[in-house]
Amino acid sequence: MSYDDLPALTIDVSDGVATVTIDHPPLQLMDAVLLSSLWAFVARVRDDADVRVIVFESADPEFFVAHADMAYFTDPAALPAAIRAAIAAAPGSVVPEGMNILQAMSEEVRSLPQVTIGKLAGFARGAGNEFFMYLDMRFAAIGKSGQGQTESLLGILPGGGGTVNMTRLAGRARALELILGAELVGAELAERYGLINRAVPAGELDTFVSTLARRIAGLRPEVISITKAAVNAVAQPIPHEAYVVENEGLNAAIGDDVTELAHKLLAAGLQTREGERDHERIANSV
């Protein structure tokens, strides 16, 4: 299986492990390019018998995926164009009724026969953290990583599966705290809240994840698939209606006031490299 035609992603397959490096400067935004490449990769890798484990990491030491492109709120044509591009990149793929494309990707990733692992050494906010939460296992660097859902500061909710998956991982009370509080969460608190499997010293993260991925990939292939199927059977499935409620809430929230606020945030420095280092302070000050 070839993946050389997917911009914003560098993919290496070795010993049963596909290492997917997100490489989309300057900020690793979840824009039309990255969204299309991830959507196409997930659709394609599903049938790749040479891949038993998938590791997602970032080429940028500061940002895993910064967040969704703010153009989705300032340009009415931007999001429909991104959706069309993503569907075109994976012919035959569909977005279920009542869901948006990020929510659909959540379920596509969760249903992969391969084990998916996220390696977080920088910031993952908004759609970036939503994608990170889709993965089967997640590991983050102590003192280097940060996860956040800051959509409430823009007047919306995390509409790409964020309310659904954060509640699934952290529980109702903590999901409300993190979504409405819009706090950046470091690795140690993320571990305590259940957002990640384990907080790992920054200098050990690469080796830890690589060793785990190769250990799993070295198992008999059927062991991986039957184990994942058995664990999924125990885990409570996410009802389609949960995504519908989230998507309806997102659509209802987006309006002229959100567009105006998005322009103000951009003017204040959001979606620049310097501004993203201080995302929460800027978003709280506008």
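Student: What radius of gyration does the protein chain have, and what would a compact globule with 286 residues have?
Tutor: Happy to start there, and please keep in mind that this is a predicted model. A compact globule of 286 residues would come out near 19 Å, and the chain agrees with that. Along the principal axes, its C-alpha atoms fill a box of roughly 55 × 40 × 35 Å. The radius of gyration of the protein chain is 18 Å.

Student: How many helices and strands does the protein chain have?
Tutor: Among the helices is α9, covering residues 205-217, and among the strands is β7, covering residues 137-142. In total, the protein chain has 14 helices and nine strands.

Student: Among contacts between residues at least 6 apart in sequence, what percentage join residues at least 24 apart?
Tutor: Burial makes a good companion to this one: 51% of the 286 residues count as buried. For the contacts you ask about, the share that join residues at least 24 apart is 75%.

Student: What part of the accessible surface belongs to carbon and sulfur atoms?
Tutor: Start from the total, which comes to about 12500 Å² for the protein chain. The part that belongs to carbon and sulfur atoms is 56%.

Student: How far apart are the mean positions of the positive and negative charges?
Tutor: The chain carries 22 positive and 37 negative charges. Taking the mean position of each set, the separation is 6 Å.

Student: Which kind of aromatic pair do Phe-64 and Phe-132 form?
Tutor: A search of the whole structure finds seven aromatic pairs. In the pair of Phe-64 and Phe-132, the centres are 5.5 Å apart and the planes meet at 70°. Planes over 60 degrees apart count as edge-to-face, so the pair is edge-to-face.

Student: Where in the chain do Phe-64 and Phe-132 sit?
Tutor: Both residues are buried. Their pair links distant parts of the chain, 68 residues apart. Phe-64 belongs to strand β4 (residues 63-65), and Phe-132 to helix α5 (residues 127-134).

Student: Which residues form one aromatic cluster with Tyr-3?
Tutor: This cluster brings together Tyr and Phe residues. The partners of Tyr-3 are Phe-41, Phe-56, Phe-131 and Tyr-134.

Student: Why does Ile-216 count as buried?
Tutor: Ile-216 lies in helix α9. Buried means under 20% relative accessible area. Ile-216 therefore counts as buried, with a relative accessibility of 12%.

Student: Which residues does Ile-216 contact, leaving aside neighbours within four places in sequence?
Tutor: One of them is Met-137, in strand β7, whose own list of touching residues includes Val-115, Leu-212 and Ile-216. The full set for Ile-216 is Val-53, Val-115, Met-137 and Ile-224.

Student: Which residues does a cis peptide bond join?
Tutor: Look in the loop between β2 (17-22) and α1 (32-45), where Pro-26 has its place. Omega of the bond is about 10°. The residues joined are Pro-25 and Pro-26.

Student: Is Ala-182, with its positive phi, buried or exposed?
Tutor: Ala-182 is found in the loop between α7 (172-181) and α8 (187-193). Its phi is near 55°. Its relative accessibility is 3%, so Ala-182 counts as buried.

Student: What is the phi of Gln-271?
Tutor: Gln-271 lies in the loop between α12 (256-267) and α13 (273-277). Its phi is positive although the residue is not a glycine, with a value of about 70°.

Technical notes. Residues are numbered from 1 along each chain as its sequence is written. This is a predicted model: local features need pLDDT of at least 70, side-chain atom pairs count only at pLDDT 80 or more; totals for chains, interfaces and linings use all residues. Side-chain values use heavy atoms; hydrogens and water are left out. Helices (H or I, at least four residues) and strands (E, at least two) are DSSP runs, numbered from the N terminus. The radius of gyration is taken over C-alpha atoms; the globule rule is 2.2 Å times the number of residues to the power 0.38. Buried means under 20% relative accessible area, exposed over 50%, partly exposed in between (1.4 Å probe, protein chains only). Contact means heavy atoms within 4.5 Å. Accessible areas come from the Shrake-Rupley method with a 1.4 Å probe; for residues, only the protein chains shown count as cover. Lys and Arg count as positive and Asp and Glu as negative; His and the chain ends are not counted. The place of a charge is taken as NZ of Lys, CZ of Arg, CG of Asp or CD of Glu. Rings of Phe, Tyr and Trp (its six-membered ring) pair if their centres lie within 6.5 Å; planes under 30 degrees apart count as stacked, over 60 as edge-to-face and the rest as tilted.
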